[in-house]
Amino acid sequence: MNNPQLERLGSKLGPARRRSVSLSPESMVKVEHFPAGGGLPAVVRPAVGGVNLAAWARGSAALLDTLLLRHGAVLFRDFGAGGAEGLEQFIAAVSGSPLEYRERSSPRTNVGGNIYTSTDYPKEHAIFLHNENSYQQVWPLKLFFYCARPADRGGETPLADCRNVYRRLRPETRERFARGGWMYVRNFSEGFGLPWQSVFQTTDRAAVEQHCRRAGIEAEWKSEGRLCVRAVRPAVAAHPRTGEPVWFNHATFFHVSTLAPAVREELLRNFDEADLPTNTYYGDGSPIEPSVLEELREAYRGELTAFAWEAGDLLMVDNMLVAHGRASYAGERKILVGMAEPSNGFVDAGRQA
């Protein structure tokens, strides 16, 4: 039934108009921390419904920059980031195009574009903390992980602040590595580790040699098509944005003593030390003392923090500020990774040791 009074009121007010409400990027999210995480990572959740993560990130560069430089890693939870495609969109929004995985050290599966599985390393083995590609002349400054499926048990991606790892080391340890850097040696042979064809993404020996010359790597061909590469890299760097000294290298990760005991013993049964798939030394080629290697591992462990993955989580990591690893796990697990912002801007922090 029509109401004459309402009709007269409507004619005076005119057509109804929907009020536009503008929300600032900061008001659309809330920032939290895990109680036991020591501030690592910072956790960002939507404060209102319908927030598109990539679109929000595109308009929130200053906030993201502040959070990442302060904490080293930021976890985005409850946004429904949207699988590999959503991960790629987020990377493009904050860091440009994802990078190809080069000079590989971990088995990975490409899932489209330059998005990969984080690792295909057997689930029963943990992966020690490290900075992605810190053995290379050029490395990604940013890493992005997406949880498509969490493990039934375990499978965390532990993190450690490399500023604090550096602080935990004895001054004499920092000074020794700062003076001469560290050396890695990789031997490629059938049946152990990735073949050189996968690592360098070519079957052309000349292309491998050319890449190594450009990247400051010494390459030596041995019998039966085997390849040995070695390079000396800095161990300590200053972060290009903050200037803070960071422990940034693979000296601990690549050393045979860091492997699980069963894996280490199997390798030492099959190879002389000079022929191990990977090993590390001081920059002058002399062995790193067992006590120093244990000091390095303890420094990482002392800073380790971890969180349980939830489906749809997206983690952004500053690769120079924070090291990452992987816990062993049970069941199925699918974590995707993308890398961005190539950097070779090593700033020597050795004199700050």
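This passage walks through one pocket, one helix and one small sheet of a predicted model.

The pocket in question is the second largest one, and its volume comes to about 530 Å³. It is lined by 23 residues, and those closest to its centre are Arg102, Glu103, Gln136, Val138 and His211. Three elements each give two or more residues to this lining: strand 7 (139-149), helix 8 (205-214) and strand 19 (334-343). Helix 8 provides the largest share, with 5 residues. As for the chemistry of the lining, 12 residues are nonpolar, 7 are polar and 4 are charged.

Next comes helix 10, a run of 14 residues covering 290-303. From its first C-alpha to its last, helix 10 reaches 20 Å, close to the 20 Å expected at 1.5 Å a residue. Its buried residues are a mixed bunch: Val292, Leu293, Leu296, Ala299 and Tyr300 are on the list, and so are Glu295, Arg297 and Glu303.

The sheet is an open one, built from 4 strands in the order 11-12-10-15 with antiparallel pairing. Strand 11 (218-221) and strand 15 (278-282) sit at the edges with a single partner strand each, so one side of each has no neighbour in the sheet. On average, neighbouring strands here are turned by 15° against each other, direction ignored. At one end of the order, strand 11 pairs with strand 12 (residues 227-233) in the antiparallel sense, over 4 bridges. To put residues to this pairing, Glu218 has Arg230 of strand 12 as its bridge partner.

Methods:
Residues numbered from 1 in each chain as written. Predicted model: local features only at pLDDT ≥ 70, side-chain atom pairs only at ≥ 80, totals over all residues. Heavy atoms only, no water. 1 Å grid on protein atoms, 1.4 Å probe; cavity = no way out; pocket = protein on both sides within 12 Å on 5 of 7 lines; lining within 4 Å. Points joined across faces, edges and corners; volume = space filled by probe spheres on them. Nonpolar A, V, L, I, M, F, W, Y, C, P; charged D, E, K, R; others polar. Expected span 1.5 Å × (residues − 1). Buried < 20%, exposed > 50% of the residue type's maximum accessible area, 1.4 Å probe, protein only. Pairing = 2+ DSSP bridges. Axes fitted to C-alpha atoms, helices over the stretch in contact; angles between N-to-C directions.
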